[in-house]
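Dear colleague,

Please find below the structure I promised to pass on. My notes on what was found in it follow.

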Amino acid sequence: MSIDGQLSIELCKTCADICERCADECEKHANMGMEHCRECAEVCRVCAKICKEISAA
């Protein structure tokens, strides 16, 4: 990423997709009272947002 590699944008797009899917799954468990899953979903959403911003630049 730091040297703007040939696949940097694709990597960021893939990372965003994975983080969104993880957040979706974790939110299901968070709704059942699992606090660590709520925290995971929150962090995954932040990661997805950052990866989307990077891939759009």
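Ser55 is buried, with a relative accessible area of 17%, which falls under the 20% cut-off for that class. Please keep in mind that this is a predicted model.

Ser55 sits in helix α2, which spans residues 35–56. Beyond the residues up to four places away in sequence, Ser55 touches Ile9, Cys12 and Lys13. Another serine, Ser8, belongs to helix α1. Ser8 is buried as well, at a relative accessible area of 6%. The side chain of Ser8 comes within reach of the backbone nitrogen of Gly5, at 3.0 Å.

Next, the core.

The largest nonpolar core has eight residues: Cys19, Ala23, Cys26, Ala30, Cys37, Ala41, Cys44 and Ala48. Both α1 (8–30) and α2 supply at least two residues of this core. As a general point, nonpolar side chains in soluble globular proteins tend to be buried together. Ala41, one of the core residues, is in contact with Ala23, Cys26 and Glu27 once neighbours within four places in sequence are left aside.

Cys40 is in helix α2. Is Cys40 buried or exposed? The answer lies in between: Cys40 is partly exposed, because its relative accessible area is 29%. Leaving out residues up to four places away in sequence, Cys40 touches Cys22 and Cys26. Cys40 and Ala30 are ten residues apart along the chain, and their C-alpha atoms are separated by 9.1 Å.

One more distance of this kind concerns Ile18 and Cys47. These two residues are 29 apart in sequence and 9.7 Å apart in space, taken from C-alpha to C-alpha. Ile18 is in helix α1 and is exposed, with a relative accessible area of 52%.

On the surface there is a nonpolar patch formed by Met1, Leu11, Val46, Ile50 and Ile54, with about 450 Å² of accessible area together. Helix α2 gives the largest share of the patch, three residues. Met1 lies in the segment before α1, and counts as partly exposed at 49% relative accessibility.

Now the charged residues.

How many salt bridges does the structure hold? The count is eight. In general, side chains of opposite charge can pair when their charged atoms come close. Three of the eight salt bridges are described here.

Glu20 and Lys52 form a salt bridge in which the closest N and O atoms are 2.2 Å apart. Glu20 lies in helix α1 and Lys52 in helix α2, so this pair ties together parts that are 32 residues apart in sequence. Glu20 is partly exposed, with a relative accessible area of 26%, and Lys52 is partly exposed at 42%.

Asp24 and Arg45 also meet through their side chains in a salt bridge, at 2.6 Å from N to O. Asp24 is in helix α1 and Arg45 in helix α2, 21 residues apart, and the pair links distant parts of the chain. Asp24 has 40% relative accessibility and counts as partly exposed; Arg45 is partly exposed at 31%.

The third pair is Arg38 and Glu35, whose salt bridge has its closest N and O atoms 2.5 Å apart. Arg38 and Glu35 are three residues apart in helix α2, so about one helical turn separates them. Arg38 counts as partly exposed at 36% relative accessibility, and Glu35 counts as partly exposed at 41%. Elsewhere, Asp24, Glu27 and Arg45 are joined into one network by salt bridges that share partners.

If you look at the model with these notes beside you, a convenient order is the core, then the patch, then the charged pairs. For the core, begin with Ala41 and its contacts Ala23, Cys26 and Glu27. For the patch, Val46, Ile50 and Ile54 are among the residues to pick out. For the charged pairs, begin with Glu20 and Lys52, and then turn to Asp24 and Arg45.

Regards

Terms used. Residues are numbered from 1 along each chain as its sequence is written. This is a predicted model: local features need pLDDT of at least 70, side-chain atom pairs count only at pLDDT 80 or more; totals for chains, interfaces and linings use all residues. Side-chain values use heavy atoms; hydrogens and water are left out. Helices (H or I, at least four residues) and strands (E, at least two) are DSSP runs, numbered from the N terminus. Buried means under 20% relative accessible area, exposed over 50%, partly exposed in between (1.4 Å probe, protein chains only). Contact means heavy atoms within 4.5 Å. A nonpolar core is a set of buried Ala, Val, Leu, Ile, Met, Phe, Trp, Tyr and Cys residues joined through side-chain atoms within 4.5 Å. Patches are made of residues with over 30% relative accessible area and no salt bridge: like charges are joined within 9 Å, nonpolar side chains (Val, Leu, Ile, Met, Phe, Trp, Tyr) within 5 Å. Accessible areas come from the Shrake-Rupley method with a 1.4 Å probe; for residues, only the protein chains shown count as cover. A salt bridge is a side-chain nitrogen of Lys or Arg within 4 Å of a carboxyl oxygen of Asp or Glu. A polar contact is a pair of N or O atoms within 3.5 Å; within protein, one must be able to donate a hydrogen and the other to accept it, and residues adjacent in sequence count only if both atoms are side-chain atoms.
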